[in-house]
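Q: Could you walk me through this protein? I'd like to start with one sheet and then look around.

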Amino acid sequence: MSAPAVRIAVARTAALLGAATAIAVVATASSSASPPVSTMPAGGRFYASLEIPVGIHPTGVAVGSFGGDSGLDLVVPLYGENEVALLIQDPPGQFRVATTVPVGFAPIALAVGDVDSDGQDDVVVACEGSGAVTILPGRGDASFGPRRDVPTGAGPNSIALGDLDRDGYLDVVVSHLNAHQITVLRGGAGGRLTLAGHYATGRGPHEVVLADLNDDGNVDALTADGTGWTVTFLRGWGDGSFAKPRVFHSAPRPRGLAVADVNGDGALDVLTACVGDEVVSVFYGGGDGRCVSMDRLETWPRPFAVATADWNGDGKPDVAVAQEAEASVTLHLSGAGPLPDVTETYWVGLGPRALLAADLNGDGLVDLATANASANSVSVLFQAGQAGPAARPDLNPPSAVRPPLPSEPRKVRRP
């Protein structure tokens with residue numbers, strides 16, 4: 001499959017979910033005022049890594065435009081402080097905490113999109129302890145309007161946005177770890193959200209994503225079911241409802257989810273990071289919602305999150321994996337085979353639990369960000385590109401050098 005066809009397969013799903021959600025990612029975190037940004041070396045494909053203190057136990061990060069003048073901004077839910085932190089990019093290539101905003105109890109995940117259709121990015125937060133989502137309407141000036149809380153049922157633990165019923169308004173889907181289900185909140189004028197239904201999943205869904213997996217023009221839902229060791233596919237009917245679940249068995253304890261056409265056959269595939277077996281399970285799609293075959297990528301211990309983008313410039317999706325136990329991110333770079341088989345590994349803060357891939361500084365290159373639960377920080381890795389580190393600002397103080405990571409490439413491990 002050609003490079004343009006790969007991009008079309010992903011763009012098709014982005015268009016269904018809504019342009020504002022194309023860069024929205026699940027998140028969680030914690031913060032106080034605005035501590036200084038510290039830096040440490042990255043080297044290789046990334047010219048620098050910023051580590052930004054954000055507060056207690058961050059477990060995710062999302063991106064949007066909230067009023068910073070130098071590129072995209074970051075938002076992080078503060079699990080231990082019942083707040084969301086806004087990190088604006090100012091000057092370019094550096095982030096600072098601009099404000100923190102109270103939300104519901106135990107915010108564990110968030111997503112970004114224009115929920116109220118006013119042209120500004122909003123933040124929707126899944127608050128595990130409140131059994132609700134909190135909506136923070138963005139004003140475009142690095143501040144938010146009054147919050148609104150909408151009940152979802154007990155323990156929402158991940159969140160995704162998309163236009164499920166094609167009415168032009170973003171709908172909200174949350175998963176419930178202990179109830180083994182997802183909940184749909186239907187969007188309406190002015191950002192109104194209305195409970196539309198609950199749908200069964202596998203046991204213990206840890207993450208939910210939305211994509212058109214069967215190429216019928218409707219948004220489908222996928223969950224990574226950590227207790228059941230499965231990935232659940234729920235076909236969307238285009239009216240805000242879903243069909244009965246179809247379950248695919250994965251490696252033990254799946255956590256993070258990503259969707260991309262990994263093998264270049266024109267059909268979207270599903271990847272899930274499995275902390276129980278040090279692998280990413282890969283489900284090759286048939287273009288009709290079926291899993292036609294399986295594979296897996298070997299990782300370092302406790303892979304917690306996964307993202308895809310083209311980092312080596314060959315037009316094929318590469319795979320990035322955040323490894324909680326190793327405080328690192330590994331890039332699995334595409335080659336001649338159906339799966340990436342050469343890797344590069346980079347340090348991040350301790351305990352990365354969420355991973356974001358986006359062009360944060362507007363240079364046309366995909367960067368990475370992680371939320372580091374043990375370090376109470378967010379790490380940002382900026383890609384160097386063809387110019388290389390010499391053409392970039394010097395963000396690498398020698399005193400911050402850490403021991404080198406192992407250099408031998410990780411190979412594909414077959415089932």
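**A four-strand sheet and its surroundings**

A: This is a predicted model, and a good place to begin is an open sheet of four strands, which pair in the antiparallel sense and follow the order S3-S4-S5-S6.

Q: Which strands stand at the edges there?

A: Strand S3 (62–64) and strand S6 (95–102) do, and each has a single partner strand, so one side of each is left without a neighbour in the sheet. From one strand to the next, the twist averages 30°.

Q: And how many bridges join S5 to S6?

A: Strand S5, which covers residues 83–89, is joined to S6 by seven bridges, and the two run antiparallel. If you want to find the pairing in the structure, look for Ala-85, which stands opposite Thr-100 in S6.

Q: OK, changing topic: what about S8, is it buried or exposed?

A: Strand S8 spans residues 122–127 and is mostly covered, with six of its six residues buried.

Q: Which residues are on which side?

A: Asp-122, Val-124 and Ala-126 lie on one side, while Val-123, Val-125 and Cys-127 lie on the other, and since both sets are buried, both faces of S8 are covered. As background, side chains in a regular strand alternate between the two faces of the sheet.

Q: Which strands does S8 pair with, then?

A: One of its partners is strand S7 (residues 107–113), paired with S8 in the antiparallel sense over six bridges, and Val-112 has Val-123 in S8 as its bridge partner. Strand S9 (residues 132–136) also pairs with S8 in the antiparallel sense, over five bridges, and here Val-125 stands opposite Thr-134 in S9.

Q: What sits between S8 and S9?

A: The two strands form a hairpin with four residues between them, and in the turn you will find Gly-131, which has a positive phi of about 60°.

Q: Zooming out, how many helices and strands are in the chain?

A: The protein chain contains one helix and 29 strands.

Q: And how much of it is buried?

A: Of the 415 residues in the protein chain, 57% are buried. The accessible surface comes to about 14700 Å², and carbon and sulfur atoms account for 53% of that area.

Q: Last one: what about contacts between residues far apart in sequence?

A: If you take the contacts in the protein chain between residues at least 6 apart in sequence, 50% of them join residues at least 24 apart.

Methods: Residues numbered from 1 in each chain as written. Predicted model: local features only at pLDDT ≥ 70, side-chain atom pairs only at ≥ 80, totals over all residues. Heavy atoms only, no water. Buried < 20%, exposed > 50% of the residue type's maximum accessible area, 1.4 Å probe, protein only. Contact = heavy atoms within 4.5 Å. Areas by Shrake-Rupley, 256 points an atom, 1.4 Å probe, with all protein chains shown as cover. Pairing = 2+ DSSP bridges. Axes fitted to C-alpha atoms, helices over the stretch in contact; angles between N-to-C directions.
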